[in-house]
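Please open the model in your viewer, set it to a cartoon representation, and keep the selection panel at hand for the stops that follow.

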Amino acid sequence: MTVRDRLHEVHAWLHEEFPVGVPVRLRVERMPKEFSDCEGVTYLDAPVLIRIRKGMTRSTSVYTLLHEWAHVLEADKAAWRETGAEDHSDRFYRTLGRLERAFADRGPSHA
């Protein structure tokens, strides 16, 4: 299974286990120039889009997807639009921890 296929498998699992009420698209590709040093980025405008940098290891790519999904779950869209800042608060990291534990305990089987 390719890294891209694995990410789409985990993405489908996240939609089922941690729904956000809107579709979240996933792209695995070269990052835009302004995010070239990032492993992933989330765009909250409709439709929501998560971009994961192509060429990373499977484990780094999956962790990045979990991290970005936590941003979607915790997003205060109005605050993001006003400040342009990401939320890496304690609440965000608690959400990310829940995603990581759920993935380890009951995530899609590793192929």
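**A helix across the sheet**

Begin by selecting residues 58-74, which form helix α2 in this predicted model; the helix lies across β1, β2 and β3 and runs at about 155° to β3. Add residues 3-17 next, since the viewer will then also show helix α1, which lies across β1 and β3 and runs at about 165° to β1.

**The sheet itself**

Now hide the helices and colour the strands. Three strands make up an open sheet with mixed pairing, and their order is β1-β3-β2. Its edge strands are β1, at 24-29, and β2, at 40-43, each of which pairs on one side only, and from one strand to the next the twist averages 15°. Select residues 48-53 to pick out β3, which runs antiparallel to β2 and is joined to β2 by four bridges; to examine one pairing there, centre on G40, whose bridge partner in β3 is I52.

**The nonpolar core**

Bring the helices back and show side chains. Which residues touch the most other members of the largest nonpolar core? Among its 24 residues, these are L14, I50, L65 and L66. Two or more residues of this core come from each of α1, β1, β3, α2 and α4, the last spanning 90-106, and α2 gives the most, with six residues.

Finish on I50, and display what surrounds this residue. Setting aside neighbours within four places in sequence, I50 is in contact with V24, R25, L26 and R27, with V41 and T42, and with L65, E68, W69 and V72.

Technical notes. Residues numbered from 1 in each chain as written. Predicted model: local features only at pLDDT ≥ 70, side-chain atom pairs only at ≥ 80, totals over all residues. Heavy atoms only, no water. Pairing = 2+ DSSP bridges. Axes fitted to C-alpha atoms, helices over the stretch in contact; angles between N-to-C directions. Contact = heavy atoms within 4.5 Å. Core = buried A, V, L, I, M, F, W, Y, C linked by side-chain atoms within 4.5 Å. Buried < 20%, exposed > 50% of the residue type's maximum accessible area, 1.4 Å probe, protein only.
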